[in-house]
Protein chains: 2
Amino acid sequence: MDDFALRELPEAPLARDQLRVRNHWLSVDPYMRGRMNDAKSYTASFQLGQPMTGGAIGEVIESHMDGFAPGDLILHMGGWRDGGVIGLDMSPFKLPADSLAGGMPPQTFLHNMGLTGGTAWIGLLRVAAAKAGDTVFVSAAAGAVGSAVVQIAKAREMIVIGSAGGAEKCAWISELGADAVVDYKAGPVLDGLAAALDSLGKPGIDIYFDNVGGEHLDAAFACANDFARFAICGMIDVYNDGHPQQMHHLIRTIPARIRMEGFIYTDQFFDCMEEFYADMGGLIASGAVTMRETVHHGLEAAPDAFLGLFAGANIGKMLVRL
Amino acid sequence: MDDFALRELPEAPLARDQLRVRNHWLSVDPYMRGRMNDAKSYTASFQLGQPMTGGAIGEVIESHMDGFAPGDLILHMGGWRDGGVIGLDMSPFKLPADSLAGGMPPQTFLHNMGLTGGTAWIGLLRVAAAKAGDTVFVSAAAGAVGSAVVQIAKAREMIVIGSAGGAEKCAWISELGADAVVDYKAGPVLDGLAAALDSLGKPGIDIYFDNVGGEHLDAAFACANDFARFAICGMIDVYNDGHPQQMHHLIRTIPARIRMEGFIYTDQFFDCMEEFYADMGGLIASGAVTMRETVHHGLEAAPDAFLGLFAGANIGKMLVRL
């Protein structure tokens, strides 16, 4: 907690292509931890003494930017503050009026209609090209991304096996609709996945959505059907661990003609934004895809909310309400 | 040698959809070793007491099959015999008349115009979608497939780094046109690849054509540029070795958005056969792609030729002339 400070900043006048915004919702996300290191990655590091940035939903108070007017609700990347001046570098985006008119809560754009839901939708349907009838294996299936993958896959008539650690999380994955579960704390992942496939009468998996890497990824190689597609979203097993991954089954890449592909949400999102909003909006409106929210209140609660992510204090998406 | 027997078989009458063929050239290939095991793979196991099959070039003596006439030169899968009856199950294929008229030796269809050249061409240009200007890393670059990859890549204006074991093979890769070489017997592959990239002033590789797996594959992950494509053709390092592959750099799949794909020649060949024959035929005719041949004579020499593959007795493609 000593690493965070709350600062009052003076109100600046607006320049051209700037908005004055009052924030309503802030997102806190695991990827922000990586940005606190001074290491090269696909997002820039945070700067000491500067406000944290991140996804936020706010209301426009004053606009010097074409296309935005006071009262508009926007998604932007200038989070972790009550409000302030937002320029083009913070990627302001007006929330779709028809979604809001349809009754969708604005903070949905910070999870299922935003980063986490978009990552699930893009990885499953575009990167892995999953289709009805496919057998899908998803790791960290109780997480924000994983639980969206489970629900999208079920809504699209796939057979879903989800893995998570412990009976409680596994029970929740089943509630979300998974056809079988693998509790990786109960035994080797490969044994659990093989037993799940047996129980479903399926010979192998067509799709693997990877949030974990390591033993999960190796089990997916072992159980892949011919022409299986792996969408690699995260490898949380190895983020804090310098050990090599022990791959026994990587060689199945060749006889099974497996395609494995790493992806990042922002690379693909703008290409498919309209289709995503229409499709995911429909799945949410029908109740096929849901999201639990854990909400903290007030800007001063943001560090607590963030640190809670790493202590398992959240169920579903962690948010801060201002 | 005791595992092979030479048998005289009676001449059978021809049924409908059969050809009588006199063989001129037999191919012996490393993949045949896998078919001698009683294990499930992408090709069926050989049967004890039955003739070995495999790629061969023969001349039609008598035809009960539409589209074939005596005198036609054909490629078929009924190898390891002087001749005999060839049915549809042996995939008889008439060699393109214009290639033969252009002076191409018929046995070229057992290497650069066949399995090895086709594997190189499909893997590099279709699976990995390599294009002019790409930096390409190929392992086992002195092998029949690898040396074709080096030459096709150079003809298509790519920058090529080839790896092989020992100074002699590395010198030959350079003669074929590789811009830099990695001698994997001289030190860690990753050090060699990093030094090769430095010498070329390149930040990383766009394409990896894998014949080896293991340490080579891990080094490719370590040095991959964003959106690199890996075509996985073979993992000879692990065929005879139950040890897991130690992958330190697999996690780069995500930040570099790497796409890795295993492939098998026969899956894709018939989709692109015309384009392949035209393109590869042109590269061979112009001298851009060459192949050394090691030729044994007579059917009784076939087991020696085959066993020689595993003793490093061949340079380029190993063939038997009947």
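In what sense do S12(A) and S12(B) pair, and over how many bridges? They pair in the antiparallel sense, over three bridges. The model is predicted. In it, S12(A) and S12(B) sit next to each other in an open sheet of twelve strands, with strands from chain A and chain B.

**The sheet**

- The strand order is S8(A)-S7(A)-S6(A)-S9(A)-S10(A)-S12(A)-S12(B)-S10(B)-S9(B)-S6(B)-S7(B)-S8(B).
- Pairing in this open sheet is mixed.
- Strand S8 (180–183) of chain A and strand S8 (180–183) of chain B are the edge strands, and each pairs on one side only.
- From one strand to the next, the twist averages 15°.
- Within chain A, strand S9 (residues 205–210) and strand S10 (residues 224–232) pair in the parallel sense, over five bridges.
- Phe209(A) stands opposite Ala231(A), a residue of S10(A).
- Where the chains join in the sheet, Arg259(A) has Glu261(B) in S12(B) as its bridge partner.

**Helices on the sheet**

- Helix H3 (residues 115–127) of chain B lies across four strands of chain B: S6 (135–138), S9 (205–210), S10 (224–232) and S12 (259–262).
- H3 of chain B runs at about 150° to S9(B).
- Helix H7 (residues 214–222) of chain B also packs on the sheet.
- H7 of chain B touches strand S12 (259–262) of chain A. In chain B, H7 touches S6, strand S7 (159–164), S9, S10 and S12.
- The direction of H7 of chain B makes about 155° with that of S10(B).

**The interface of chain A and chain B**

- Chain A and chain B each bring 29 residues to the contact.
- About 2,500 Å² is buried between chain A and chain B. Carbon and sulfur atoms account for 68% of that area.
- Two salt bridges cross the interface.
- Asp267(A) forms a salt bridge with Arg257(B), and the closest N and O atoms are 2.6 Å apart.
- Eight residue pairs are in polar contact between chain A and chain B, both residues being at pLDDT 80 or more.
- On chain A, the elements that each supply at least two residues to the side touching chain B are helix H7 (214–222), S10, helix H8 (236–239), strand S11 (245–247) and S12.
- S12(A) gives the most to that side, with four residues.
- By class, the side of chain A that touches chain B has 19 nonpolar, six polar and four charged residues.

**Salt bridges over all chains**

- Over all chains, the count comes to 20 salt bridges.
- Arg20(A) and Glu62(A) meet in a salt bridge through their side chains, at 3.0 Å from N to O.
- Arg20(A) lies in strand S1 (residues 18–27) of chain A and Glu62(A) in strand S2 (residues 56–63) of chain A, so this pair ties together parts that are 42 residues apart in sequence.

Terms used. Residues numbered from 1 in each chain as written. Chains lettered and ligands numbered in written order. Predicted model: local features only at pLDDT ≥ 70, side-chain atom pairs only at ≥ 80, totals over all residues. Heavy atoms only, no water. Pairing = 2+ DSSP bridges. Axes fitted to C-alpha atoms, helices over the stretch in contact; angles between N-to-C directions. Contact = heavy atoms within 4.5 Å. Buried area = accessible area lost by both parts, 1.4 Å probe. Salt bridge = Lys/Arg side-chain N within 4 Å of Asp/Glu carboxyl O. Polar contact = N/O pair within 3.5 Å; in protein donor to acceptor, adjacent residues only side chain to side chain. Nonpolar A, V, L, I, M, F, W, Y, C, P; charged D, E, K, R; others polar.
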